[in-house]
Amino acid sequence: MQSLFYRLTHPRAIMAIIDELRRVVWPSRQETANLTVVVLVVAIAVGIFLGVIDFGLNRVVEETLLPR
């Protein structure tokens, strides 16, 4: 049986979290760098895509709804 001090300072939820973190397979530095590059490239590509769509729709609205 565990002491009262141990039970008060180490609740089961915290112990379960610690046990789970011990089982985690952390990525290597190289994997982390590669995934960071992938995220940046995808974010830039999506940003460019949305920018082009926004520019195109802006032109359509200006030409059709707001004639000069």
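**Exercise 1. Is aspartate 19 buried, partly exposed or exposed, going by its relative accessibility?**

Work it out, then look at the partner of aspartate 19 and how the two pair up.

*Solution.* A quick caveat to start: this is a predicted model.

- Step 1: Take the accessibility. Aspartate 19 sits at 34%. Partly exposed covers the range between under 20% (buried) and over 50% (exposed), so aspartate 19 counts as partly exposed.
- Step 2: Find the partner. Aspartate 19 makes a salt bridge with arginine 22, and their closest N and O atoms are 3.5 Å apart.
- Step 3: Check the partner's surroundings. Arginine 22 has a relative accessible area of 64%, so that residue is exposed.
- Step 4: Look at the spacing. Both residues belong to helix α2 (residues 12-23), and because they are three residues apart, about one helical turn separates them.

**Exercise 2. Track down the other salt bridges and say how each pair is placed on its helix.**

*Solution.* Side chains of opposite charge can pair when their charged atoms come close.

- Step 1: Get the total. Searching the whole structure turns up three salt bridges.
- Step 2: Stay in α2. Glutamate 20 pairs with arginine 23, with the closest N and O atoms at 3.3 Å. These two are three residues apart in that helix, so again about one helical turn lies between them. Glutamate 20 is partly exposed at 44%, while arginine 23 is exposed at 58%.
- Step 3: Move to α3. Here glutamate 63 and arginine 59 meet in a salt bridge, at 4.0 Å from N to O. The cut-off is within 4 Å. The two residues are four apart in the helix, which means about one helical turn of separation. This time the acid is the exposed partner, with glutamate 63 at 54%, and arginine 59 is partly exposed at 43%.

**Exercise 3. Which residues make the nonpolar surface patch, and where is leucine 50 placed?**

*Solution.*

- Step 1: List the members. Val38, Val42, Val46, Phe49, Leu50, Ile53 and Leu57 make a nonpolar patch of about 650 Å².
- Step 2: Place one of them. Leucine 50 lies in helix α3, which spans residues 29-64.
- Step 3: Zoom out to the chain. The accessible surface totals about 6,700 Å², with 70% of that belonging to carbon and sulfur atoms. Buried residues account for 0% of the 68 residues.

**Exercise 4. Sketch the fold pattern, then decide where to read the coordinates with care.**

*Solution.*

- Step 1: Count the elements. The chain has three helices and zero strands, so writing the order along the sequence gives α-α-α.
- Step 2: Check the overall confidence. Mean pLDDT is 88, and 88% of the residues reach 70 or more.
- Step 3: Compare the helices. Confidence bottoms out in helix α1 (residues 4-9), with a mean of 68, and peaks in α3 at 96.
- Step 4: Draw the lesson. Where pLDDT is low, the predicted coordinates shouldn't be read in detail.

Key
Residues are numbered from 1 along each chain as its sequence is written. This is a predicted model: local features need pLDDT of at least 70, side-chain atom pairs count only at pLDDT 80 or more; totals for chains, interfaces and linings use all residues. Side-chain values use heavy atoms; hydrogens and water are left out. Patches are made of residues with over 30% relative accessible area and no salt bridge: like charges are joined within 9 Å, nonpolar side chains (Val, Leu, Ile, Met, Phe, Trp, Tyr) within 5 Å. Accessible areas come from the Shrake-Rupley method with a 1.4 Å probe; for residues, only the protein chains shown count as cover. A salt bridge is a side-chain nitrogen of Lys or Arg within 4 Å of a carboxyl oxygen of Asp or Glu. Buried means under 20% relative accessible area, exposed over 50%, partly exposed in between (1.4 Å probe, protein chains only). pLDDT is the predictor's confidence in each residue, from 0 to 100.
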